Amino acid sequence: MSDHDRESHAELAHQLAGQLAREAPSRARPGLIDEVLAQTTITPQLDRRAWWPVVAWPGSRFARPLQIALAGILVVVVGSGLALVGGHLADRGSLVGASPEPTPRLAPADAWPPLEPGVPYYIDEPVRVTFSVPAGWTYSFTNPAGSVVLNEQQTAAVGWYVTTNLFADPCHWQEGMLDPPVGPSVDDLVAALKRLPGFVVTGPSPSTIGGLPAQSLTVVLTFSPADCDQSQLKVWSEMPTGGRDTYWRTSTVRVLDVGGTRLMVISTPLPDSADMTADIDAIVRSMRFE
Amino acid sequence: MASGLPVTTRLSADAIARRGLVEQAMHGDHDAFGRLAAGAIDRMHAVAWLILRDQHDAEDAVQEALVRVWRELPRLRDCDRFDAWLRRLLVNACHDVGRRHRRHAAMRLVELQVEPAATDGWRAIEDRERLGRAFARLSIDQRTVLTLMHYVGLTGPEIAAAVGAPLGTVKSRLRYASAALRAALEADDRVALPA
C-alpha cells in the first residue's frame, strides 16, 4: 500500500467514524427495556452445567497462570493415562475392528457455513440435540426459544423449542396468554394444544423420538394469519419474533420431556412444495437429546 | 508497566459492582439483570441500528439478544467476559434479524438509490449523506465489522470474538468492506453527476 493509499484509507476511516457517531441513535426507545424485562420475567434460565464452574478470577495476579498451569498438568496426566489404557486394550485386541463414531460438530448458529449432509451436528439450544441432515438442508438458526433447521429453499423446517405457555388465541394474541398458564408436564401441553382455537388438532398418539417417549399431534391451521393481530400468528410465549405461521399450516408436533425440560419438536413441510416427508423423517430419526 | 498490585485493587469500583451484578444475574436475580440490561441497552441499540439501519429491526435484535443473555447467563463461564459475550449475542441477533428481513432491506436499498442528490449549497450535508448512503449499501457482514471497529472501537481480535470468525477472516472482511465502501461512494458520485 502506497503512502497515498494509506492516507486515503485513514481519511475514509476518520470520516466513517464521525458519520457513525452522528448517525447512531443516542437512546433506545424508553419502552424497550420494559418489554425486555417483561419477556425475561416469563423466560426460564438454562440450568448451569454442574461440571462447568463459574469463573471469577481471584485477586492474585498469579492465580490465573497457576490455574492454567494446573489445568495443563491435569490434561497431560489424564491424557497419558488414557494413552496407556488405550494401548493396553489395543494389545488385547478388544478394539480391533471398532470404527469410532464421528464427533458431532457444533452447528452454525447463524446459518453460515451451510450444514453438510450426513455430518452429525449438535446444538445446545435449548437442550443439547444431536442430529444430521440430508442433502439440501443447509440452514440452522438458533434463538432464545430454541433451534430450527431448514432446507435450502426454506420450504420445510424441523424445529425444537421450550414452551412454557400458550397464547389464549394465537390469532388475537394481543388479548394475552392462557391464565392460569399451561402446567409443567407433557400431558398439560398436549391438552392445551388440543384446545388451540382456530386449529384442527388430531392425536395425541404415543411415539418415540431419540429413544424418548413423546406424544405426537398433527396441527392444521384453519385461518389466514393476515387477518390476525399485526398480521402475525403467535402460539407460544417464546415463539421467535415474527410469528412464523409457516410452522403451523400443517405440522407434526411432538412433545417430550428431556431430563426435566419439556421440548416441542415441530416438523413442517410448506404447502405446494416438493414432498419433504422423507427428509423430515430422516432428520427426526437422527435426533438425540441430552 | 504493571503496577504489581493485585488485579482486584486495579479494577474500578464500577467494574467490581458490574461483576457483582453479572454474578447475581447468573444466579437468577432478575433485578440485577434489569440493571445490567438498562445500563447496556442504549449502546446495544445504537450498534444494532448501525448494522441493520432500521429502527424496528434494531429493537428486535436488542430484545432477542437480551432475552438470550438472560436465558444463557447461568452458562457464562467467565464473568469478566460478559461484555464480549454480550457483543457476540448482539451481533448474532442482528444477523438473524437481518436475514429474516432481507427482502425488506432490499426494498429500502432501492428507495435509497432513487433519492435525489443534494444541492451544491449543502455540500457538507451532502458529503455526510453520501457516506451514510454508501455505508447502508454494504452487506450486514461488512457493516458489522466496520461498526465494531469505527463506532465501538474494538481491535481486530475483539471483533473476531464478537463475530465468531478467525482474525484473518475479520481482517479480510475489513479490507473488503473498505473497498466496498469506496466502490459505493464512487457509484454514488456517478449517480450524482449531471447528465
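# Exercises on a predicted two-chain model

**Exercise 1. Find the buried residues of helix 9 of chain B, and say why they share a side.**

The buried residues of helix 9 of chain B, which spans residues 156-163, are B:I159, B:A160, B:A162 and B:V163. Around the helix axis these residues cover an arc of only 165 degrees, and they therefore sit on the same side of helix 9 of chain B. The model is a predicted one, and the steps below should be read with that in mind. Just after helix 9 of chain B comes B:G164, whose phi is positive, near 70 degrees.

**Exercise 2. Work out which residues have the most contacts inside the largest nonpolar core, and which helix gives this core its largest share.**

Begin with the core as a whole: the largest nonpolar core has 59 residues, and those with the most contacts inside it are B:A48, B:A61, B:V62, B:A65, B:L90, B:C94 and B:I159. Next, look for the main contributor, which is helix 3 of chain B (residues 30-52), with 13 residues as the largest share of this core. Then consider the domains of chain B: domain 1 (11-101) and domain 2 (115-195) each supply at least three residues to this core. As a final step, take B:L90, which, when residues up to four places away in sequence are not counted, touches B:M44, B:V47, B:A48, B:A61 and B:A65. Another core, of 48 residues, lies apart from the one just described, and among its residues are A:Y139, A:A156, A:V158 and A:V182.

**Exercise 3. Determine how many residues of strand 6 of chain A are buried, and trace the strands with which it pairs.**

Strand 6 of chain A covers residues 156-162, and seven of its seven residues are buried, so the strand is largely enclosed by the rest of the structure. The next step is to separate its two faces: A:A156, A:V158, A:W160 and A:V162 point one way, whereas A:A157, A:G159 and A:Y161 point the other way, and all are buried. Strand 5 of chain A (residues 146-150) pairs with strand 6 of chain A in the antiparallel sense over five bridges, and here A:V149 has A:V158 as its bridge partner. Strand 6 of chain A also pairs with strand 10 of chain A, in the antiparallel sense and over seven bridges, with A:T268 of strand 10 as the bridge partner of A:A157.

**Exercise 4. Follow the pairing from strand 7 to strand 9 of chain A, and then relate these strands to helix 4 of chain A.**

Strand 7 and strand 8 of chain A run antiparallel and are joined by nine bridges, one pair of partners being A:S205 and A:S216. The two strands form a hairpin with two residues between them, and in the turn A:G210 has a positive phi of about 60 degrees. Moving on, strand 8 of chain A is joined to strand 9 of chain A by seven bridges, again with an antiparallel run, and A:V219 stands opposite A:S251 in strand 9.

Now turn to helix 4 of chain A (residues 186-194), whose buried residues are A:L189, A:V190 and A:L193. They cover an arc of only 100 degrees around the axis, which puts them on the same side of the helix. An α-helix has 3.6 residues a turn, so residues three or four places apart point the same way. What covers the buried residues of helix 4 of chain A includes strand 7 (199-209), strand 8 (212-221), strand 9 (250-258) and strand 10 (261-269) of chain A.

**Exercise 5. Identify the edge strands of the open four-stranded sheet of chain A.**

The sheet is open, with the strand order 1-2-3-11 and mixed pairing. Its edge strands are strand 1 (105-106) and strand 11 (288-289) of chain A, each of which pairs on one side only. Strand 1 of chain A pairs with strand 2 of chain A (residues 121-123) in the parallel sense over two bridges, and A:R105 stands opposite A:Y121 in strand 2.

**Exercise 6. Decide which elements of chain A have the lowest and the highest mean pLDDT.**

Chain A averages a pLDDT of 75, and 69% of its residues score at least 70. Among its elements, helix 3 of chain A (residues 63-91) has the lowest mean, 49, while helix 4 of chain A has the highest, 94. Over residues 84-99 of chain A the pLDDT stays under 50, and for this stretch the model has three contacts beyond four places in sequence. Where pLDDT is low, the predicted coordinates should not be read in detail.

Technical notes:
Residues are numbered from 1 along each chain as its sequence is written. Chains are lettered from A and ligands numbered from 1 in the order in which they are written. This is a predicted model: local features need pLDDT of at least 70, side-chain atom pairs count only at pLDDT 80 or more; totals for chains, interfaces and linings use all residues. Two strands pair if DSSP finds at least two bridges between them. A residue is buried if 20 or more other C-beta atoms lie within 10 Å of its own, exposed if 12 or fewer, and partly exposed in between; C-beta atoms are placed from the backbone. The arc is that of the directions from the helix axis to the C-beta atoms. Two residues are in contact if their C-beta atoms, placed from the backbone, lie within 7 Å. pLDDT is the predictor's confidence in each residue, from 0 to 100. A nonpolar core is a set of buried Ala, Val, Leu, Ile, Met, Phe, Trp, Tyr and Cys residues joined through C-beta atoms within 7 Å. Domain bounds come from an automatic or database domain assignment.
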